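Here is a walk through one protein chain, a few elements at a time. Keep the structure in view as you read.

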Amino acid sequence: MCGIVGYVGSRQAAGLAIEALRRMEYRGYDSAGIAVNTGDSLTMVKRAGKLANLEERIAQVGAPEGKAGIGHTRWATHGRPTDENAHPHLSFDESVAVVHNGIIENFAPLRQQMEREGVEFASDTDTEVAAHLLARYYNEGETAGDFRESALRVLNRLEGAFTILFMHANHPDQIIAARRSTPLIIGVGEGEMFLGSDVAAFIEFTKDAVELGQDNVVVITADDYEVLNFDGTPSQGRPFTIDWDLEAAEKGGFDSFMMKEIYEQPAAVRDTLAGHWSEGRVVLDENNISEEELKSFNQVFVVACGSAYHSGLLAKYAIEHWVRIPVQIEVASEFRYRDPVLDERTLVLAISQSGETADTLEAVRHAKTQGAKVLAVCNTNGSQIPRESDAVLYTHAGPEIGVASTKAFLAQVAANYIVGLALAQAKGTKYPDEIKEIWDTLDLIPGKIEQVLAARDTVTEISDELGAVATMLFLGRGVGFPVALEGALKLKELAYIHAEGFPAGELKHGPIALIEDDLPVVVVVPSPRGLKVLHSKIVSNIQEIRARGAKTIVIAEEGDEAVEPYANWLIRIPQTSTIMQPLLATIPLQFLAADIAVNVGNEDIDKPRNLAKSVTVE
Ligand code: M6R
């Protein structure tokens, strides 16, 4: 998730773009850059790191002067956060500047083709290819000299999800932009026109906005905008009036970043999966572990902390089931102190949103000294853990500002499953058609997450009836157990109340002593269409706790009628395979924790007390 701004009007575009980027820095802060059309050429300034670095550079070289410009604040996906990889990107002849949010999935073949034709690339990004392509179309052939037709040609060659802005040196009065699956909003001013990945980009200047639809292109000039489809036929956006202040705009209209991030989960999972299925095979990116090595691993160790650890528990279930090799999981802070048995046939999966967690980093270092190969699953491009690992699979959740992890957790689960499928493929423990079937089920999950989000009111009603609870238990079996742990962690972090997650079968070995009248207990019920014994056992567990006075909040899939008599409250989730259920069942627990936090008087759920987003001490 990156922040994008475009401007054509009567003001100096450079200063305006910088201000817009400041308001959108929450969307990404790996690097920032601007390009301004100075009348007959493009001037670009960009820098890795925070916006302050860019401002420092502009102070040294002077702000480019011009009334049309584009800007970008980056959350790195392809390529490390370096000056070269910062946006904008210029074409080989410096006639085109491009900024982009999203992922161009087919950039690799496009890039290879252009490199064969002699184009030199200046960055490792997926974006740069679009700049070169546009210059090519503009310079030669039937679209020569035609900015709009050239841009349409480029757009029709791109696959993936993108918001993209094009500026051409010969057209100082125009910016052409497009969106597919990621947002783009037009801000309509008096004699000036804005583009933004969200309204925070221009809220200071105008409240009149137009939301673009899927696969829309827009051409803006200072006085007008024109919306097209990718085939060049006319289209329309949806005009609306912005009634948010800046703070609300940054949070997408939600009360907190965390709530916004919960609603970003369909995109977080979709973007994480994007590009990992190609020509009937699972592909890993930035992978320096060969297919032969993948084949040779005979055990996996997962190291992670907090929510990332819970996602790792799910990796264990998936990998053992699909790959039939033992998977051990260790809280990262414990890993190196107990001398785990590792060798060159061990794959260590290090999972971290921030990529900076000291406990996980030390575990990675220890694993490497023992000769193991380390594959990082990480949300932060260029951070320390991926840098020190042999390979990395990036989650594409975008920046997570809420300290309590939500979208990054779901993205980690999706990424872990990609790793599991890649291992199964390499080791041949699943047939290609079985892998395809699992992939297809995974691919449907973002849509199902949307259905869970749409049922948010059910959770609010439950939390309103629960009021200010003092303690809560969470139970699950199989893959429902890590969900229970994650639900309990969310509640502890946000509401500061005692909460425990247990495997439901463990209850009778002690925790059942905690059950008393009216104690709320969340039970995550596996699908009755899966392992029958698992379902019937958990139904028995629900009866046991109900008999002792507990009030049950049951999460069960649609159509599971057997649980109805035992649920004080029932939260339905869409049907999916057992292994995928955590990607849905976790969401109501995120809502529940946020609601209870507010009920007990903790309004600022983005910054729970005593916690930090990135824990860089051991
Ligand atoms: O950045 P990391 O994924 O390595 O962070 C790990 C944990 O610190 C993190 O998941 C923490 O538990 C969150 N606050 C959970 O909501």
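This is a predicted model. Start at the end of one strand: Gly476 stands opposite Pro503, which belongs to strand 23. Gly476 closes strand 22, which covers residues 471–476. Strand 23 covers residues 498–503, and six bridges join it to strand 22. The two run parallel.

How does the chain get from strand 22 to strand 23? It passes through helix 18, residues 480–495. This β-α-β crossover is right-handed.

Strand 22 also pairs with strand 24, residues 520–524. That pairing is parallel too, and has four bridges. Here Leu473 of strand 22 faces a partner: it stands opposite Val521 in strand 24. So is strand 22 mostly covered or mostly open? Mostly covered: five of its six residues are buried, where buried means under 20% relative accessible area.

Now take Met472. Leave out residues up to four places away in sequence, and Met472 still touches Leu466, Leu491, His498, Ala499, Glu500, Pro520, Val522, Ile553, Leu592 and Ile596. Met472 is also a member of the largest nonpolar core, which has 92 residues. Together with Trp322, Leu349 and Tyr417, Met472 touches the most other members of that core. Which helix gives the most to this core? Helix 14, residues 407–427, with 13 residues. The core draws on two domains, taking at least three residues from each of domain 2 (253–443) and domain 3 (450–602). Another core lies apart from it. That one has 31 residues, including Val129, Leu134, Phe162 and Leu228.

Next, go to Val303, in strand 17 (residues 299–304). Is Val303 buried or exposed? Val303 counts as buried because its relative accessible area is 0%, and the cut-off for buried is under 20%. Its contacts beyond four places in sequence are Glu330, Ala332, Phe335, Val348, Leu349, Ala350, Ile351, Thr360 and Ala363. Look at Leu349 among these. Val303 and Leu349 are 46 residues apart in sequence, but their C-alpha atoms are 6.2 Å apart in space. Leu349 is also one of the four core residues named above with Met472.

Last, turn to the record. An unreviewed UniProt entry lists "domain: SIS" for residues 290–429 and 462–608. In the model, the span 462–608 is 37% helix and 20% strand. Its end C-alpha atoms lie 23 Å apart.

Conventions. Residues numbered from 1 in each chain as written. Predicted model: local features only at pLDDT ≥ 70, side-chain atom pairs only at ≥ 80, totals over all residues. Heavy atoms only, no water. Buried < 20%, exposed > 50% of the residue type's maximum accessible area, 1.4 Å probe, protein only. Pairing = 2+ DSSP bridges. Right-handed = clockwise from strand over helix to strand, strands pointing away. Core = buried A, V, L, I, M, F, W, Y, C linked by side-chain atoms within 4.5 Å. Domains from an automatic or database assignment. Contact = heavy atoms within 4.5 Å. UniProt positions renumbered as here; feature names shortened; annotations may be inferred.
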